[in-house]
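Please work through the exercises below with the sequence and the coordinates open beside you. Each task is followed by a solution that goes step by step.

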Amino acid sequence: MRSMTGFGRGEANTAKHRCTVEISSVNRKQKDVLLSLPRSLQALESELRTQVEASVGRGRVQVQCQVESLAESRPGSIRIDQEVARDYSTAYTQAASLLGDQAPLRAADLLRYAGVITVETEDWDPAEVREPLVQALTRALGAWDGMRSDEGGHLRRDLQERLTLLRKLVARLAEVAEEVPARYRQQLRKRLEEAGLPLDLDDERLLKEIALFAERSDISEEITRLESHFQQFDGFLASADPVGRQIDFLLQEIHREYNTIGSKANHAQIAQAVVAAKTEVEKIREQVQNVE
């Protein structure tokens, strides 16, 4: 089990280049991969995207790829056009003299003017940087996946504890459910006696009424299905594949079974157990939103 949230960074160098890849991901129902590459390396996007998507089940994944030159003759990435800067300075001096403004022109202000500063970008040869870029991506994916697995381990333990609690509540439901017909029989007999209509315990009408009530309040099928759902849940927790969607669907079924039990059983303890169980199901559902 893995979380959808994670971060990983990978780096690979050659004599000329340093390639860095950073991957971050957050929750999302569908798979959504955003890959950012220098414009000159767009030819590698398909290969890199395929490598990333092979590691993603669902979630929004952002991949940032950067390449730096390690050559000593590396050209400056920022260039100042001195002639343009002087022209701006001269124009500013003339305007200041005309308007009587004595405030000096600051370098920070000058750099904001159009054409003074130019950010130069290098064009990379895809054939030269492909191998180190793929290595950096592989390392970033490994770190990212490791973080997601660690988080997934915490999620698995939390879900196992909550599933254990649900099993205890179901066991309690089954135990109380067996007492419901006998309890109803006593209550019915007491009401009849209080109403001046005493009936023998073996009276056919009394037995028929109790049988109908027992059939209406029977929750054995729901309990059996819940136990089956819990076994499926165990299987998902043990799986190494993305299981978030399957668990989310299974939780809908579990929630439906508890709703049915709540509507059938006319018993305070059963109602309390159902409320507690549905509360746990909601907590599980919130956690599962982080599961890939």
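A residue is called buried under 20% relative accessible area, exposed over 50% and partly exposed in between, with a 1.4 Å probe and protein chains only. The model is predicted, so local features need pLDDT of at least 70 and side-chain atom pairs count only at pLDDT 80 or more, while totals for chains, interfaces and linings use all residues. Residues are numbered from 1 along each chain as its sequence is written, and side-chain values use heavy atoms, with hydrogens and water left out.

**Exercise 1. Determine which parts of the chain the salt bridge between Arg167 and Asp234 ties together.**

Step 1: apply the criterion, which asks for a side-chain nitrogen of Lys or Arg within 4 Å of a carboxyl oxygen of Asp or Glu. The closest N and O atoms of Arg167 and Asp234 are 2.6 Å apart, and this pair belongs to a structure that holds 25 salt bridges.

Step 2: place the partners, taking helices (H or I, at least four residues) and strands (E, at least two) as DSSP runs numbered from the N terminus. Arg167 lies in helix 4 (residues 126-194) and Asp234 in helix 6 (residues 220-238), so the salt bridge links parts that are 67 residues apart in sequence.

Step 3: check the accessibility of both ends. Arg167 is partly exposed at 33%, and Asp234 is partly exposed as well, with a relative accessible area of 32%.

**Exercise 2. Describe the salt bridges Arg172 to Glu175 and Arg225 to Glu222, and state how far apart the partners stand along their helix.**

Step 1: take the pair in helix 4. The closest N and O atoms of Arg172 and Glu175 are 3.2 Å apart, and the two residues, three apart in helix 4, are separated by about one helical turn. Arg172 is partly exposed at 33%, and Glu175 is partly exposed at 43%.

Step 2: turn to helix 6, where Arg225 and Glu222 are likewise three residues apart, about one turn of the helix; their side chains meet at 3.6 Å, N to O. Here Arg225 is partly exposed at 35%, whereas Glu222 is buried at 2%.

Step 3: look for shared partners elsewhere. Arg9, Glu11, Arg18, Glu22 and Glu68 are joined into one network by salt bridges that share partners.

**Exercise 3. Classify the aromatic pair and locate its two rings.**

Step 1: recall that rings of Phe, Tyr and Trp (its six-membered ring) pair if their centres lie within 6.5 Å, and that planes under 30 degrees apart count as stacked, over 60 as edge-to-face and the rest as tilted. The structure holds one such pair.

Step 2: insert the values. Tyr88 and Tyr113 stand 4.8 Å apart, centre to centre, with 40° between the planes, and the pair is therefore tilted.

Step 3: locate the rings. Tyr88 lies in helix 2 (residues 82-99) and Tyr113 in the loop between helix 3 (107-110) and strand 6 (117-119), so the pair connects parts that are 25 residues apart in sequence. Tyr88 is partly exposed at 29%, and Tyr113 is partly exposed at 31%.

**Exercise 4. Explain why Cys19 and Cys65 form no disulfide.**

Step 1: use the criterion, a pair of cysteine sulfur atoms within 2.5 Å. The sulfur of Cys19 is 8.8 Å from the closest cysteine sulfur, in Cys65, which is too far for a bond; the count of disulfides is zero.

Step 2: compare their surroundings. Cys19 is buried at 0% relative accessible area, and Cys65 is buried at 3%.
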